[in-house]
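Please look through the following chain with an eye to how its helices and strands are arranged, and then follow the explanation below.

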Amino acid sequence: MLSQPSLSKIQLDHLDRDALIYVRQSSLMQVRDNTASTMRQYDLVQRALSLGWTREHIHVIDQDQAHSGSSTIGRDGFQLLVAEVGLKHCGAIVSLEVSRLARSCSDWYHLLEICALTDTLVIDEDGIYDPGHYNDRLLLGFKGTMSEAELHWLRQRLLGGKLTKAEQGELRFRLPVGLVYDPTGKVVLDPDEEIQAAVRLVFALFEEYGSALAVVKHFTIHHLRFPDRLWKRTRDRGTGLGTIAVWARPLPAAQPFLRRSLRVWTNQNAQACPSRRGAADQGADAPGEARGLADCAAGCSSWLHHLGAVSTPSTDVG
């Protein structure tokens, strides 16, 4: 329960202005999966109603869904919030916690400074704060600092986990289309023969034409399909068939996309690709982009054959 001194901070002037409910999740995955958190944030409308604001004076700002609070870049909702506070249209900012508003001390203290100048309250689950009062401002400052530090700690933990897995040889990345991990964690060709055929055709056409755009045109003219991986939050391999028409873009855009795909494929096993092995023996890649593409195309068939020979699943996939 809120104490009486906290409730006394809300004056008629605050109630005559708007109460802005700020809703934010850091990523699309969180928006999709952490629905309970999203509901709790939208339920803050009821909190504002219970504190005395009328429905017409309560507005929800949720444009920043799937945006990190580490920066204001791309956060139009936060920019709108700061503008409304600066124009003294806002009587209170209501948020689930400080980290929803900002995970950067520079952004947080800037907002507190404007709130103090315009007599705007900050309300979270723990209480009601007046940035114009020293004690409240001090407490909000601590919360902002802890919010920024928490983001740093989370990153360090994730990085530490990755480094530990890498040291143990267990770090896994998303593989390009056509490759999958088997139950033992070994990289093998996708058992789907249609996917194998489509990927092999891309390499064969690229070796023949020497142009990513020509490969795209060939698939488009002949109405051929190319596999596209559908990522899911499960351990099951998620692949589907999409259209290569998504690659049908001007040459400057299409070439880098296919070039990266080819290099990922060949770099998975440099010793299995003669062209990459030769470059490694020289201590550097072959100079020039054109030569790099030629080397990549020349080694694709050998590398695919090698991978198919040593890493094909137990079932016969051709």
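**A helix, the strands and a buried arginine**

Directly after α8 comes Asp119, whose phi is positive, near 55°; helices (H or I, at least four residues) and strands (E, at least two) are DSSP runs numbered from the N terminus. This is a predicted model, in which local features need pLDDT of at least 70 and side-chain atom pairs count only at pLDDT 80 or more, while totals for chains, interfaces and linings use all residues. Residues are numbered from 1 along each chain as its sequence is written, and side-chain values use heavy atoms, with hydrogens and water left out.

Helix α8 itself has 14 residues, 105–118, and reaches 20 Å from its first C-alpha to its last, close to the 20 Å expected at 1.5 Å a residue, that span being 1.5 Å times one less than the number of residues. Among its buried residues (under 20% relative accessible area, 1.4 Å probe, protein chains only) are Trp108, Leu111, Leu112 and Cys115, and what covers the buried residues of α8 includes β3 (90–94) and α9 (134–167).

Strand β3 is largely enclosed by the rest of the structure, because 5 of its 5 residues are buried. It pairs in the parallel sense with β1 over 4 bridges and with β4 over 3 bridges, where pairing requires at least two DSSP bridges between the strands. Leu20 has Ile93 of β3 as its bridge partner, and Val94 has Ile123 of β4.

In the loop between β1 (18–22) and α3 (28–33) sits Arg24, which is buried yet has no salt bridge (a side-chain nitrogen of Lys or Arg within 4 Å of a carboxyl oxygen of Asp or Glu), the nearest side chain of opposite charge, Asp64, being 6.3 Å away. A polar atom of the Arg24 side chain lies 2.8 Å from the backbone oxygen of Arg100.

Notes:
Buried means under 20% relative accessible area, exposed over 50%, partly exposed in between (1.4 Å probe, protein chains only). Lys and Arg count as positive and Asp and Glu as negative; His and the chain ends are not counted. A polar contact is a pair of N or O atoms within 3.5 Å; within protein, one must be able to donate a hydrogen and the other to accept it, and residues adjacent in sequence count only if both atoms are side-chain atoms. Contact means heavy atoms within 4.5 Å.
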